[in-house]
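These are my notebook entries on a single model, set down in the order in which I looked things up. I wanted to go through the sheets, then the helix packing, then a few single residues.

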Amino acid sequence: MNYTPEQRAMWDRAVENFRATLTAPAFDMWIKPLKLYAVTDSEILVVCDDPRTPIEIARHMMPRLSAMLQADFGRGHTLRLLDQRQLEEQANALKSTMLIERYTFENFIVGPSNNLAYAASLAVAEQPSDAYNPLFIYGDVGLGKTHLMNAIGNYILRQDPMARVLLTTSEHFTNELIEKIRNKRGDEMRNKMRSVDVLMVDDIQFLARTTVSQEEFFHTFNDLYLSGKQIVISSDRPPHELPTLEERLRSRFGSGLIVDIGKPDFETRVAIIRHKAEEDYIDLPSDAAQFIAAHFDRSIRELEGALTRVSAKSRLLGYPITLELTEEALRELVQTQDTRVVTPSAIIQTVAQQYDVRPEDILGKKRNQEVVVPRQISIYICRELTELSTVAIGREFGNRDHTTIMHSCEKVAGQMKGDAQFRRRVEELIDRVKGN
């Protein structure tokens with residue numbers, strides 16, 4: 001049902017009032033068979049069995065019927081009549097989508113690492129093709145890209161149930177294309193892809209596996225873009241870091257808005273855990289939520305997996321969730337993550353290799369940009385991943401004083417907030433140091 005009980009009552013009242021303006025045969029022929037299908041922010045969608053009905057109403061009754069409906073629904077609503085053929089076409093179109101209804105904007109937890117991606121996605125959902133087109137979302141696995149794409153599709157369909165929204169993966173696109181070509185039904189695939197209002201493709205990096213899929217997607221992209229249709233794409237990397245894709249595709253992907261999703265900070269991870277617990281009716285104490293958030297920082301899926309493990313142990317043993325039970329349930333996973341001891345020398349070696357400088361340069365006195373940046377990043381990572389004080393870190397970095405160490409940490413943290421690409425590089429270095 002795409003309308004509320006109150007909206008249904010308003011529809012019934014308007015129809016009944018309209019009865020008095022028609023003869024009984026005309027009412028029974030054209031108005032009585034109408035079925036309310038959906039109510040959006042701007043439209044009242046009504047279905048009729050007889051394909052002649054929309055024509056007849058448009059010719060003789062539309063102004064009066066619209067006025068009566070607007071008396072209840074408001075002047076911002078217009079009447080839209082659909083016949084069964086149009087409804088069946090919409091149903092068939094929706095069969096091919098991969099939208100997951102539970103992923104919405106309402107249950108997406110927003111934090112510093114994803115607020116831009118969230119805002120851009122919401123803007124696209126509210127004004128498809130008028131806000132940012134194409135929208136390119138990138139980030140590591142399990143950070144919420146798929147959630148946002150589903151939220152876009154679900155929001156659009158709530159506003160317009162007749163919108164043709166297709167969410168697919170590049171792998172599914174490639175497999176289906178190859179199958180259609182093999183059976184000489186390539187045109188069927190093209191018609192399907194190019195007749196949508198919104199096309200969303202997840203994990204576009206896997207499109208690189210075949211030349212034919214890149215060729216077909218390039219033409220699909222152009223056709224939809226030139227027709228004013230919305231395109232949303234996700235990947236684990238930004239377009240310029242997808243060298244296996246053709247340059248013309250990377251250029252198209254980069255022509256719109258590019259936003260990234262980073263790893264959630266501690267506060268956001270706690271909020272995610274608490275929200276998930278509420279959704280699943282799990283009584284999770286604050287200290288248990290904080291323990292999970294402190295030890296599982298790589299992805300949302302990892303956080304949810306840890307919560308599932310704790311919940312299962314609680315349910316199977318019949319004990320309430322406590323900090324002690326949480327620590328016991330997750331001990332093996334936490335120990336596995338902590339098996340590698342992170343040392344300042346390991347951090348310096350990793351960063352030096354990435355920036356193509358010598359470790360002794362990072363420890364030395366040079367102050368040129370090529371050395372200062374990796375030095376500050378090394379200090380920041382050392383502060384994040386070790387238990388060393390700023391004084392101790394200063395000793396490890398050539399006997400620098402603690403104010404220099406604090407300045408380096410603040411400098412890197414500030415740049416990470418304002419530069420998504422820089423933040424991503426630092427996060428990747430942290431992962432390398434941790435052995436993830």
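Before reading any strand pairing I fixed the criterion: two strands pair if DSSP finds at least two bridges between them. I also noted that the model is a predicted one.

**Entry 1: the five-stranded sheet**

With that criterion in hand I turned to β6 and strand β7 (residues 230–235), which pair in the parallel sense over four bridges. Within this pairing I looked up Leu199, and its bridge partner in β7 is Ile231. On the other pairing that I checked, strand β5 (residues 165–169) and β6 are also joined in the parallel sense, here over five bridges. I found Val198 as the bridge partner of Val165 in that pairing, and I found Thr169 standing opposite Asp202 of β6.

I then wrote down the whole sheet, which is open, has five strands in the order β5-β6-β7-β4-β8, and shows parallel pairing. Its edges are β5 and β8 (257–261), and because each has a single partner strand, one side of each is left without a neighbour in the sheet. Ignoring direction, I read an average turn of 15° between neighbouring strands of this sheet.

Next I looked for helices on this sheet, and helix α6 (residues 115–126) lies across β4 (135–139), β7 and β8, running at about 135° to β8. Helix α21 (residues 420–434) also packs on the sheet, where it touches β4 and β8, and its direction makes about 25° with that of β4.

**Entry 2: how enclosed is β6?**

Which residues of β6 are buried on one side and on the other? I listed Val198, Met200 and Asp202 on one side and Leu199 and Val201 on the other, all of them buried, and both faces of the strand are therefore covered. Five of the five residues of strand β6 (residues 198–202) are buried, so I recorded the strand as largely enclosed by the rest of the structure.

Just beyond this strand I looked up Asp203, which is found in the loop between β6 and α10 (211–226). Its phi is near 55°, a positive value in a residue other than glycine. I entered Asp203 as partly exposed because its relative accessibility is 26%, and the class in question runs between the 20% and 50% limits.

**Entry 3: the three-stranded sheet**

I moved to a second open sheet, in which three strands follow the order β1-β2-β3 with mixed pairing. The edge strands here are β1 (35–39) and β3 (78–83), each of which pairs on one side only. The average turn between neighbouring strands of this sheet, direction ignored, is 30°.

Strand β2 (residues 43–48) pairs with β3 in the parallel sense over six bridges, and I found Val47 opposite Leu82 of β3. Helix α1 (residues 5–19) lies across β1 and β2 and runs at about 135° to β1. Helix α4 (residues 62–73) packs on the sheet as well, touching β1, β2 and β3, with its direction at about 120° to that of β3.

**Entry 4: two packings of α18**

I took helix α18 (residues 369–385) with helix α20 (residues 402–418), whose axes are 8 Å apart and pack at an angle of about 95°. I therefore noted α18 as roughly perpendicular to α20. The residues making the contact include Ile377 and Tyr380 of α18 and Val412 and Met416 of α20. By class I have eight nonpolar, three polar and two charged residues in this contact.

For helix α16 (residues 344–355) and α18, the axes come within 9 Å and cross at roughly 145°, and the crossing is right-handed. Among the residues that meet are Ile347 and Val351 in α16 and Ile377 and Ile381 in α18. This contact has ten nonpolar residues, one polar and no charged ones.

**Entry 5: single residues**

Asp356 is found in the loop between α16 and α17 (359–363), and its phi is positive at about 55° although the residue is not a glycine. At 70% relative accessibility I counted Asp356 as exposed.

I looked up Asn154 in helix α7 (residues 145–159) and noted it as buried, with a relative accessible area of 10%. Leaving out residues up to four places away in sequence, Asn154 touches Leu99, Ile100, Glu101 and Tyr103.

Last, I checked the peptide bond from Asn133 to Pro134, which is cis with omega near 0°, and placed Pro134 in the loop between α6 and β4.

Notes:
Residues numbered from 1 in each chain as written. Predicted model: local features only at pLDDT ≥ 70, side-chain atom pairs only at ≥ 80, totals over all residues. Heavy atoms only, no water. Buried < 20%, exposed > 50% of the residue type's maximum accessible area, 1.4 Å probe, protein only. Contact = heavy atoms within 4.5 Å. Axes fitted to C-alpha atoms, helices over the stretch in contact; angles between N-to-C directions. Parallel < 35°, antiparallel > 145°, perpendicular 65-115°, else oblique. Nonpolar A, V, L, I, M, F, W, Y, C, P; charged D, E, K, R; others polar. Left-handed = near helix turned anticlockwise from the far one by under 90°.
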